[in-house]
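Reader: I am new to this structure and would like a close look at one part of it: the places where the chains and strands meet. Please go through them step by step.

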Protein chains: 2
Amino acid sequence: MVSFEKFIPGDGPIYQQIVLYIKREISAGNICSDDEMPSRRVLSSLLGVNPNTVQKSYKILEDEGIIQSHSGAKSLIVSDEAMRKKIRTELLEADAKNAVATLKQMGVSKNEAFDLIGRFWKEED
Amino acid sequence: MVSFEKFIPGDGPIYQQIVLYIKREISAGNICSDDEMPSRRVLSSLLGVNPNTVQKSYKILEDEGIIQSHSGAKSLIVSDEAMRKKIRTELLEADAKNAVATLKQMGVSKNEAFDLIGRFWKEED
DNA sequence: CAAACTGTACTATATGTATAATACAGTTGT
DNA sequence: ACAACTGTATTATACATATAGTACAGTTTG
């Protein structure tokens, strides 16, 4: 069963956060093919959001071929190694590009950026 | 005159992107007190967005004490060194925390993160 | 079989974001 | 003074996001 223990509410639309969470867990190897997704109703209750919001996330994951749903049964993850690598590359590029662009606009040097990342990495280990 | 040359459209509400852009430019020291903001109409035309959207940004900046507006005249930046440092700390903490949390959820190690940041830093220099 | 769960679909409502058009009073520059 | 700009305010419209409630057919489980 796919766990949402590490899910941390953040910025932006909730349905997008859920999609990203699943993609990142797949990217990390914490979710594999045939893992069961929690039902729409269960997850909505767990996250404290509306079932329709969760359904929107699942619809997107389904359209992208990341989960597979059979009416009446639980949705399953479908992600082979090629899919996992593709997702990982996409997410890492987007995150790194975003972080670098932001820090650079603020006039942070490469070394200062490393110090900063290193400091926050330690604080959470 | 405050320049928007480095402004790159991103994710999230436009009015928030404009607010963040100004804060990052102040943080970088590229914008100082008494610098003139472009008028609402000029900036909306420059960015290709609605004047009301720009107005919403300026209203937020005004409420946070970052700009000062006199009806009829151009809005001015008001940012002393204390304000600059406060803004810089806030933004750096938020950005670094966000980047670290994201990379960690994807199972990226500290060294891999440094490699990644370093790679994207070089590509844009 | 039957109860409980599942995915899916639909309507309605509220709020946030963005656009469009207009108006008016204050200032700036010639 | 006068034209051109400025900030500010208003109304209307449209789409995105999130919630609420309901419904129905397929499956899983006891």
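Author: A polar contact is a pair of N or O atoms within 3.5 Å; within protein, one of the two must be able to donate a hydrogen and the other to accept it. The model described here is a predicted one.

DNA strand C comes first. A phosphate oxygen of this strand is 3.3 Å from an N or O atom in the side chain of B:Lys56, so the pair is within the 3.5 Å limit and counts as a polar contact. The bases of DNA strand C are reached as well. A polar side-chain atom of B:Asn52 lies 2.7 Å from a base nitrogen of the strand, and a polar backbone atom of B:Gly72 is 3.5 Å from a base nitrogen of DNA strand C.

Around these contacts, 24 residues surround DNA strand C. The closest come from both protein chains: A:Arg40 and A:Arg41 on one side, and B:Ile14, B:Asn52 and B:Ala73 on the other. Of the atoms of DNA strand C that come within 4 Å of the protein, sugar and phosphate account for 62%. Three helices each supply at least two residues of the surface near this strand: helix H2 (40-47) of chain A, and helices H1 (14-28) and H3 (51-63) of chain B. By type, the residues of that surface divide into 12 polar, seven nonpolar and five charged.

DNA strand D is next. There are 24 residues around it, and A:Ile14, A:Asn52, A:Ala73, B:Arg40 and B:Arg41 come nearest. Here 61% of the strand's atoms within 4 Å of the protein belong to sugar or phosphate, and the rest to bases. The helices that each give at least two residues to the surface near DNA strand D are H1 and H3 (51-63) of chain A and H2 (40-47) of chain B. The surface near DNA strand D holds seven nonpolar, 12 polar and five charged residues.

Single atom pairs can be named for DNA strand D too. A side-chain N or O atom of B:Ser39 is 3.1 Å from a phosphate oxygen. A backbone N or O atom of B:Gly72 lies 3.2 Å from a sugar or linking oxygen of the strand, while a backbone N or O atom of A:Gly72 lies 3.5 Å from one of its base nitrogens.

The two protein chains also touch each other. The size of an interface is often given as the accessible area lost when the parts come together. Between chain A and chain B that area is about 3500 Å², and carbon and sulfur atoms give 71% of it. Three residues, A:Gln105, A:Met106 and A:Trp121, supply 25% of what chain A buries against chain B, more than any other three. The contact takes 35 residues from each of the two chains, A and B.

What kinds of polar link cross this interface? The rule finds zero salt bridges there, but six residue pairs are in polar contact. On the side of chain A that touches chain B, the elements giving two or more residues are helix H1 (14-28), helix H4 (81-105) and helix H5 (110-123). H4(A) gives the largest share, 13 residues. The chain A side is made up of 16 nonpolar, seven polar and 12 charged residues.

The layout of chain A gives these contacts a setting. Chain A has five helices and two strands, which run α-α-α-β-β-α-α from the N terminus on. Chain A is divided into domain 1 (1-79) and domain 2 (88-125), with 27 Å between the two centres, taken over C-alpha atoms.

Salt bridges do occur elsewhere: the structure holds 14 over all chains. One of them joins A:Lys74 to A:Glu36, with the closest N and O atoms 3.8 Å apart. A:Lys74 lies in the loop between strand S1 (67-68) and strand S2 (76-77) of chain A, and A:Glu36 in the loop between H1 and H2 of chain A, so the pair ties together parts that are 38 residues apart in sequence.

Technical notes. Residues numbered from 1 in each chain as written. Chains lettered and ligands numbered in written order. Predicted model: local features only at pLDDT ≥ 70, side-chain atom pairs only at ≥ 80, totals over all residues. Heavy atoms only, no water. Contact = heavy atoms within 4.5 Å. Buried area = accessible area lost by both parts, 1.4 Å probe. Salt bridge = Lys/Arg side-chain N within 4 Å of Asp/Glu carboxyl O. Helix = DSSP H or I, 4+ residues; strand = E, 2+ residues; numbered from the N terminus. Nonpolar A, V, L, I, M, F, W, Y, C, P; charged D, E, K, R; others polar. Near = heavy atom within 4 Å. Domains from an automatic or database assignment.
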